[in-house]
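Okay, thanks for squeezing me in. Let me put the structure up, and then I'll talk you through a few spots in it.

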Amino acid sequence: MSAAPPRFPAPRMKRLVLATCLAALLVVSAAPASAAPILSVVPSSPNVTVGGVFTVDFLLSGVTDLYAFQFGIGYDPNVLTAFTVTQGAFLSTAGSTSFFPGFIDNNLGFISFNANALVGPIAGASGSGTLLSVTFGAFALGTSAITAIFDPVLGDGLYDSLFAPIPLGAINNGTITVAPVS
């Protein structure tokens with residue numbers, strides 16, 4: 001004959017259930033909240049003069065496990081000319097990268113397919129840093145927005161090491177004002 005399983009008295013069982021629930025709640029609440037990363041478009045100076053050359057950095061903050069990215073950049077071609085796109089240092093903090101500087105179209109005011117990806121099966125970069133920089137020339141008076149453009153049809157986005165999309169919390173685009181030479 002087998003012995004019956006031990007039974008806890010009702011008050012003791014309630015305390016055990018309550019303690020287990022509290023412990024589970026503490027474990028869940030101890031996990032850090034993960035906010036979506038923010039992309040900021042940061043000109044080296046918000047004001048330049050006609051004929052001036054300046055750089056715009058595309059800074060990503062608060063990201064976890066960034067393995068790859070791709071996006072376009074828009075600007076006013078009546079005010080600015082894009083010269084070069086260069087790799088930022090952030091993604092390479094996690095390993096070797098394969099950077100593609102995109103295609104500059106100064107007639108449309110658009111730089112398409114700016115992309116970078118880590119090489120090999122490694123964890124992505126976490127934290128904050130510069131994804132890429134663009135060197136512009138100011139050739140006419142006026143104001144130009146400089147915007148990061150994510151078109152999902154083109155595959156634009158941020159991706160983690162499993163190639164899952166990382167949603168952006170916000171994009172803070174930049175503005176340049178071109179003034180006459182004094």
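I'll start with the chain overall, then go to the core, and then pick out some single residues.

First, keep in mind that this is a predicted model. The chain has 182 residues, and 33% of them are buried. The secondary structure amounts to 1 helix and 12 strands. If you read along the sequence, the helix is followed by the strands, in the pattern α-β-β-β-β-β-β-β-β-β-β-β-β. Now look at the contacts with a separation of 6 or more: 78% of those join residues 24 or more positions apart. On the outside, the chain exposes about 10,200 Å², with carbon and sulfur atoms supplying 66% of that.

Okay, the core. The largest nonpolar core holds 35 residues, and the members that touch the most others are Phe54, Phe58, Leu66, Leu80, Val134, Phe136 and Ile146. Several strands give two or more residues to this core, among them β1 (38-43), β4 (80-87), β7 (125-138) and β12 (174-179). Strand β3 gives the largest share, 11 residues. In soluble globular proteins, nonpolar side chains tend to be buried together. If you want one residue to click on, try Ile146. Beyond its neighbours within four places in sequence, its contacts include Phe54, Phe58, Leu80 and Phe136, plus Asn173, Gly174 and Ile176.

Next, two asparagines. Asn114 sits in strand β6, and so does Asn116, with that strand running over residues 110-118. Are they buried or exposed? Asn114 has 0% relative accessibility, so it counts as buried. Asn116 is at 2%, so that one is buried too. What does the side chain of Asn116 reach in there? It gets to the backbone nitrogen of Phe99, at 3.4 Å. Setting aside residues within four places in sequence, Asn116 is also in contact with Tyr67, Ala68, Phe69, Gln87, Leu91, Thr97 and Ser98, as well as Phe99 itself. As for Asn114, its C-alpha atom is 5.9 Å from that of Phe100, 14 residues away along the chain. Its contacts farther than four places off include Phe69, Phe71, Val85, Phe100 and Leu132.

Phe100 comes up again on the surface. Together with Phe103, Phe113 and Leu154, it makes a nonpolar patch of about 360 Å². Phe103, for orientation, is in strand β5, residues 97-105.

Now back to strand β3, which is where you'll find Gly62. This glycine has 42% relative accessibility, so it counts as partly exposed. Which residues does Gly62 touch beyond four places in sequence? Those are Ala35, Pro37, Gly127 and Ser128. With Pro37, the C-alpha atoms are 4.7 Å apart, although the two positions lie 25 residues apart in numbering terms.

Last, a couple of backbone oddities to look at. Asp65, also in β3, has a positive phi of about 65° even though it isn't a glycine. Phe163 has a positive phi of about 65° as well, and it isn't a glycine either. Where does Phe163 sit? It's in the loop between β9 (157-160) and β10 (165-166). Asp65 is at 19% relative accessibility and the cut-off for buried is under 20%, so Asp65 counts as buried. Phe163 has a relative accessible area of 55%, so it is exposed.

That's my tour, and I'm happy to zoom in on anything.

Key:
Residues are numbered from 1 along each chain as its sequence is written. This is a predicted model: local features need pLDDT of at least 70, side-chain atom pairs count only at pLDDT 80 or more; totals for chains, interfaces and linings use all residues. Side-chain values use heavy atoms; hydrogens and water are left out. Helices (H or I, at least four residues) and strands (E, at least two) are DSSP runs, numbered from the N terminus. Buried means under 20% relative accessible area, exposed over 50%, partly exposed in between (1.4 Å probe, protein chains only). A polar contact is a pair of N or O atoms within 3.5 Å; within protein, one must be able to donate a hydrogen and the other to accept it, and residues adjacent in sequence count only if both atoms are side-chain atoms. Contact means heavy atoms within 4.5 Å. Accessible areas come from the Shrake-Rupley method with a 1.4 Å probe; for residues, only the protein chains shown count as cover. A nonpolar core is a set of buried Ala, Val, Leu, Ile, Met, Phe, Trp, Tyr and Cys residues joined through side-chain atoms within 4.5 Å. Patches are made of residues with over 30% relative accessible area and no salt bridge: like charges are joined within 9 Å, nonpolar side chains (Val, Leu, Ile, Met, Phe, Trp, Tyr) within 5 Å. A salt bridge is a side-chain nitrogen of Lys or Arg within 4 Å of a carboxyl oxygen of Asp or Glu.
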